[in-house]
Amino acid sequence: MDLQDMLVTQGEARSTQLSSGDAIKLSANVDAGYQIQRSGGVDSEGVNLRYNVSARKSIYHWGALEADHDSGLLGVEFAKYGRKIGFLNLYQSLVGKFADYVVIRQQEKDQLLSLELFKADLELFKDQVERGEMSSSKFAQEEVKYDRAKLAYESLKIRLERAESAFRTQAGLENSESLLSEVDLQPIPADISLIEAQVNAFIADIESVSLDYLQKKTRLDQADLALRRNTVNNRPKLDGLVRFRQDNETIATGDRSNLDLQETFAGVQFSWNIYDGGSTRGAVLSSMQSKRQLERELVILRDKIESDLRFMVEDLKILIQQNQLDEQDYVWATGGYNQGLVDVKEGRVSEKELRVLRRGVEVQKTKAFISRARYYKALASIHAAMESPAILSYLE
């Protein structure tokens, strides 16, 4: 966002530059030195001091300066649209990174339980080897499985650390600021009729509400202004001019005496670039093609925004259905574990079998979290694509 602020400031500076064409221009210059001069067979040399001050104001330039002024204002608008779009992208990225963090944290918890089960099994297998009920080679294979599970757990710890670091970096959080470790991805709603209505309303008004569309349109408007300016570039121009000139020369040698000249002028200046070798013609042709290209890109962009949004809504529906299946498995696994607690108390199930049921709950919870994360990422993409005012309100 700091970068976006720089781009806005840059746009404002460019706007000031382009808007200054119609303002009064003041200039002054001074020459001082030793001058040797021959005129009409008469030689002279001496110290010369010359200075002049002038003020110039455009009177008529066929709308070229107004086009520059309007183009500068559009540049500021373009940068401001970019700032908002940048914030929407940041929001979408933050949601995705936080969802990834929660999922990996749940996967780590799942893998830790798996390690505990592996370790308990190894203790049993070791006793079986000592009693001759299991071969050493079979036990070695089980140890390899345990080692792989340990490596997977270590890998998850690293991934979790990286996911947390990525979220902190993008959110601007210091390491001293703790993340809520108990925050989970909440169950998702099955009804998205409100979202569908919002998407349809946005699509109906894309040309007036879409930041992407409006930003691209500012480029088209600037191309139109550039075409207007280039078209009149070679036409006569009229400026108002006020000028004061002072020229003093102290003659050190020669046949002439000291010279002193003062001049004051106020009036108009007419200028006409009659021929420029085809430069203006080339600029006009280039501007015309740029305008046509941007007009085509604007049509394509509108269709793309609409098709992307409709696709994302359909994808969201599929994600909801997938999540419903995962949530049902999670409910069943939880029910089985709760029953296992009762069975352990009554002696029908061993502690090991209960740990297996407990891990089954975490496995299904992980699957549910993954599908929830996909949903929330997709939902964030939709809200970012619709440029939700609720998100943009945080920008201010």
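Helices are taken as DSSP runs of H or I spanning at least four residues and are numbered from the N terminus. In this predicted model, D110 is found in helix 2, which comprises residues 64-130. The relative accessible area of D110 is 10%, and the residue is therefore classed as buried, the limit being under 20%. When neighbours within four places in sequence are set aside, the contacts of D110 are with R359, E362, V363 and T366.

A search of the whole structure for aromatic pairs returned four. One of these is formed by Y51 and F244, whose rings are tilted with respect to each other, with 6.4 Å from centre to centre and 45° between the planes. Because Y51 lies in strand 2 (residues 42-60) and F244 in strand 3 (residues 237-254), this pair ties together parts that are 193 residues apart in sequence. Y51 is partly exposed, with a relative accessible area of 29%, and F244 likewise counts as partly exposed at 29% relative accessibility.

A further tilted pair is formed by F98 and Y101, with a centre-to-centre distance of 6.2 Å and an angle of 40° between the planes. Both residues lie in helix 2, where F98 and Y101 are three residues apart, about one turn of the helix. F98 is partly exposed, at a relative accessible area of 22%, whereas Y101 is buried, at 6%. Ring pairs also bring in F167, so that F98, Y101 and F167 are linked into a cluster.

Charged side chains also sit over aromatic rings. The charged end of R219 is placed over the ring of F78, 3.7 Å from its centre, and R358 lies over the face of Y337, at 5.7 Å from the ring centre.

Terms used. Residues are numbered from 1 along each chain as its sequence is written. This is a predicted model: local features need pLDDT of at least 70, side-chain atom pairs count only at pLDDT 80 or more; totals for chains, interfaces and linings use all residues. Side-chain values use heavy atoms; hydrogens and water are left out. Helices (H or I, at least four residues) and strands (E, at least two) are DSSP runs, numbered from the N terminus. Buried means under 20% relative accessible area, exposed over 50%, partly exposed in between (1.4 Å probe, protein chains only). Contact means heavy atoms within 4.5 Å. Rings of Phe, Tyr and Trp (its six-membered ring) pair if their centres lie within 6.5 Å; planes under 30 degrees apart count as stacked, over 60 as edge-to-face and the rest as tilted. A charge sits over a ring if NZ of Lys or CZ of Arg is within 6 Å of the ring centre and within 35 degrees of the ring normal.
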